[in-house]
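Student: I am new to this structure and would like to go through the reasoning behind the terms used for it. Could we take them one by one?

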Amino acid sequence: MTIAPNAAELNPVELAIESRQSMREFLPTPVPKATIVRLLELASRAPSGTNTQPWKAYVLQGASRDALVEKVCQVHDAIRADPQLAADYREAYDYYPEKWVSPYIDRRRENGWSLYGLLGIGKADKDKMHAQHQRNFRFFDAPVGLMFTVDTVMGRGSLVDYGMFLQNLMVAARAHGLHTCPQAAWNGFAKVILPHIGAEPDEMLVCGMSLGYADESALVNTFRTPRVPASDFATWLD
Ligand SMILES: Cc1cc2nc3c(=O)[nH]c(=O)nc-3n(C[C@H](O)[C@H](O)[C@H](O)COP(=O)(O)O)c2cc1C
């Protein structure tokens, strides 16, 4: 079933929402600073419990971006060479469940194998998998890398607020011809990232994000993910 009606029939808000997808190959075209500021300001129109506005954003471009890329890719390679090192790199919060159950594990697998299948990466292609995973830590070549943190004193509700902020940012990006990829892949590397961005000791890494002009001709960016229909996840109580 197609959830998107004909694009020509969509109003601008619907079009921005429908055309957002995680892009994984970007052009080197720079993004003007004024545009990034505008996106952050639009994102901050998100609601938050008692208007606490718990978001803190770090914008990495140029040398600061490139240096972080090199640092994290080095660690990523080192962990591959010595998997025991992974124990030193832990996420600050459980983004994913400890124990996967159906239907979530099925959707996760379908998502992963569909993407790898599109790219011609098979289950035994460990080198290709590592290389594709590492594209995360190159911000998929996007010129702008974003890191988002929250003060650890804040409650779990702040992560709800954060989701709204991040979605606002990603949808607003569409209004400027830009695309994004939200990235939890960075979370395990917080101990490299937080000092690099100059975060305070009480800040927790929420996630990273790639931002830029997508290479619309790249095969990886033709990946359009399905959704279960509302009739499957909504319960109507009359
Ligand atoms: C908080 C968050 C973290 C994510 N982390 C990653 C990531 O590290 N790398 C990646 O390639 N995609 C990541 N994704 C993208 C999801 O895989 C994607 O949103 C999902 O498959 C649906 O596809 P769509 O965004 O194209 O609609 C993340 C999405 C969210 C919301």
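Student: What makes the pairing between the side chain of Arg24 and an oxygen atom of the ligand a polar contact?

Tutor: Bearing in mind that this is a predicted model, an N or O atom in the side chain of Arg24 is 2.7 Å from an oxygen atom of the ligand. A polar contact is a pair of N or O atoms within 3.5 Å, so this pair qualifies. By that cut-off Ser22 qualifies too, with a polar side-chain atom 2.6 Å from a ligand oxygen, and so does Thr225, where the distance from a side-chain N or O atom is 2.9 Å. The protein covers 76% of the 620 Å² of accessible area that the ligand has on its own.

Student: Which residues surround the ligand, and what classes do they belong to?

Tutor: There are 15 residues around the ligand, and the closest are Ser22, Arg24, Asn136, Ala184 and Arg227. By class, six are nonpolar, six are polar and three are charged. Strand E3, residues 179–183, gives the largest share of this shell, namely three residues.

Student: Why is the span of helix H6 called close to the expected one?

Tutor: Helix H6, residues 157–175, has 19 residues, and the expected span is 1.5 Å times one less than that number, which means 27 Å. From its first C-alpha to its last, H6 reaches 28 Å, close to that value.

Student: What does it mean that Phe165 in H6 is called buried?

Tutor: Buried means under 20% relative accessible area, and Phe165 is one of the residues of H6 in that class, as are Leu166 and Leu169. What covers the buried residues of H6 includes helix H1, helix H2 and strand E1.

Definitions and conventions. Residues numbered from 1 in each chain as written. Predicted model: local features only at pLDDT ≥ 70, side-chain atom pairs only at ≥ 80, totals over all residues. Heavy atoms only, no water. Near = heavy atom within 4 Å. Polar contact = N/O pair within 3.5 Å; in protein donor to acceptor, adjacent residues only side chain to side chain. Areas by Shrake-Rupley, 256 points an atom, 1.4 Å probe, with all protein chains shown as cover. Helix = DSSP H or I, 4+ residues; strand = E, 2+ residues; numbered from the N terminus. Nonpolar A, V, L, I, M, F, W, Y, C, P; charged D, E, K, R; others polar. Buried < 20%, exposed > 50% of the residue type's maximum accessible area, 1.4 Å probe, protein only. Contact = heavy atoms within 4.5 Å.
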